[in-house]
Amino acid sequence: MSSTEQSRRDVFRTIAQLQHVEWPAYGSTPLYDRSSVSALQSDIRTVARVWFDHDAHESIAEFICQYPLKYVDFGQHDEYFGSTRYQMSQLVRLFLLKEIHGWDHETALLTFLQQRPALRRDLGFERMPNQSTVWRSWHERFSVDLREAVQTAARTILIKAQNAGIAIPREPERKLSYRNDIEDDSVPDDQTVLERAKTITDHVSHIVFPAFSLDRGDGCEIHENAYWDLQTYLGLRERLAANEGARSFTYESTRERTPLGHAHREQIRDLSVSEIREMYRQAVNRLLSEVAETEQFFRAGIVAIDITEADPFTGDRTGHEDEIIGTKEKTDEYAYQWATVQLVGNAIPLVLDARPVRKGKSRKEIVGDLLDSAEELVHVDNVLMDREFDSQHVLEMLSQRGLSYVVPKRMQTSEKAQAKRLLQRDQDRYETDRKLHLGKNEWHETTLVYRRKEDSEHDDHRQYSVFMTNCGSGHLTEYGYRWEIESGYRSIKRFMAATTSKDFGLRFFYFAFACLLYSIWRAVDLLVQVALTDDYQHSPIVTADNTLTLLKKETGIG
């Protein structure tokens, strides 16, 4: 069968509905643009995974011809100057076909296409280039980065087609990859995934949950684990509060005695913020020790620090003004705020620590506190933060710790003026050293990197973003990893129990426990991927709902 307009529409509708996936990738972060070959590799991987699962799609050559390349800007990777007969997108498709077949020489490719005039036209060639033109295009016109991207993309296409049962012209090399260059090399069926996830979830929960303790003393009729079971149960359903959840839990649990909602809240309220954080760190440390036994996990990496907020608080906050503070967007609303430090980049995305944000706490204190926790658990190289951490004192503290950083800068008068000059010169990128005043004739030295955003909705200086870094502009691409935090926050909030209580400790516990459920999910997914494919890719094969359902069974429900 051949693809149709409807089948192609089906593919991209499915992609739009996928969690943790954005297509095209350059729209997911301001540091990816249409010329990014990393974004192109990610996009081909995303589309190929869905494309070959469609019943109408049985041809690799058709995928190469139909994949949309109009949005990709190959200008930076075209090392020819002046007019040329063939467009870069035509040649990219041509060399994808060559790499798919594994031909070492151009002659085999041209002979193949001469015998298939319909395919030649579908690739965009009314007249085929000669052998020398093809050779020069690959070796002299294509940049090294683009050649590597084509080779990687070809391997991805082969793997995805093979996984879907499509006939392929050659066997792809199935090497282990710690990076996010290639997604899952083989996709086990759902039943196999769930069976392995059940075993691993059971194992992980027995390791992690013992780190939590209520210190209730001896002789209590309700087992302590019932409280953690109930808290997990509250995370199974969106917006489920303790009273309603406790009533349902009584009927669904296999336990003889379960806590009532008010008793559960009272036990949690007795925990201080410091106790909650200590238990959380112990639990995460156990989780890290478990996943560290796999060679796919490595501890050196990048962390991101950020602040999220609960839904706006609409009640009376009298007496709680230091806890129910303003929103990050500086509106007239109020909300509880929580700060986290998370692993991002090529590592498994776990929340290493969380803490509440109170009025009067400086960003430097928050960052230092979270980094203390993170560096006890993992080796930290680089730190990514949002522009709310645009503070010379925070940056100096990071440098003194020997850490690299990338932080967006709020544009003040001088930055706006520079951006206007860049706009007049039609310059996309600019770097300059800057000294930031620390006080008492002390300065922090940093580098400002101006970067023009592709397809910006603005026609003035707002086309530019400004970043501060102490590790060179080459590390700016790492800032794109920050999107994982926002994606993670959405899942974490999905796992949170609902409450109207103004008790600060209770509120923070609900958030911290949701962070733990999220981290368990990501750890279980890593262990399942390694067990079934001997590899790990960021796109989960175990869903959050899978993990929560399995934890539900583990807690004695259903």
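Ala304 has its bridge partner in strand S4, where it is matched with Gln342. That pair belongs to a longer run: strand S1 (residues 301-309) and strand S4 (residues 337-344) pair in the antiparallel sense over eight bridges. Keep in mind as you look around that this is a predicted model.

Now step back to the sheet that holds these two strands. Eight strands form an open sheet, and reading across you meet them in the order S5-S4-S1-S6-S7-S10-S9-S8, with mixed pairing. Strand S5 (351-357) and strand S8 (429-439) are at the edges with a single partner strand each, so one side of each has no neighbour in the sheet. From one strand to the next, the twist averages 25°.

Helices pack here too. Helix H14 (residues 363-377) packs on the sheet and touches S1, S4, S5 and strand S6 (380-385). The direction of H14 makes about 155° with that of S5. Helix H17 (residues 483-494) lies across S1, S4 and S5, and runs at about 50° to S1.

Let us move to another part of the chain, where helix H8 is a good landmark. Helix H4 (residues 88-101) packs against helix H8 (residues 144-163) at an angle of about 55°, and their axes are 9 Å apart. H4 and H8 are therefore oblique to each other, and their crossing is right-handed. On the H4 side, the contact is made by Met88, Val92, Phe95, Leu96, Glu99 and Ile100. H8 contributes Leu146, Val150, Gln151, Ala153, Ala154, Ile157 and Leu158. By class, the residues of this contact of H4 with H8 are eleven nonpolar, one polar and one charged.

H8 also meets helix H2 (residues 37-51): the axes of H2 and H8 come within 9 Å and cross at roughly 15°. That angle makes H2 roughly parallel to H8. H2 passes H8 in a right-handed crossing. From H2, the residues involved are Val37, Gln41, Ile44, Arg45, Ala48 and Arg49. They meet Asp145, Leu146, Ala149, Thr152, Ala153, Thr156, Ile157 and Lys160 in H8. The contact of H2 with H8 has seven nonpolar, three polar and four charged residues.

Finally, how far can you trust what you see? The mean pLDDT of the protein is 83, and 87% of its residues reach 70 or more. Over residues 174-186, however, pLDDT stays under 50, and the model has 50 contacts beyond four places in sequence for that stretch. Where pLDDT is low, the predicted coordinates should not be read in detail.

Technical notes
Residues numbered from 1 in each chain as written. Predicted model: local features only at pLDDT ≥ 70, side-chain atom pairs only at ≥ 80, totals over all residues. Heavy atoms only, no water. pLDDT = per-residue confidence, 0-100. Contact = heavy atoms within 4.5 Å. Axes fitted to C-alpha atoms, helices over the stretch in contact; angles between N-to-C directions. Helix = DSSP H or I, 4+ residues; strand = E, 2+ residues; numbered from the N terminus. Parallel < 35°, antiparallel > 145°, perpendicular 65-115°, else oblique. Left-handed = near helix turned anticlockwise from the far one by under 90°. Nonpolar A, V, L, I, M, F, W, Y, C, P; charged D, E, K, R; others polar. Pairing = 2+ DSSP bridges.
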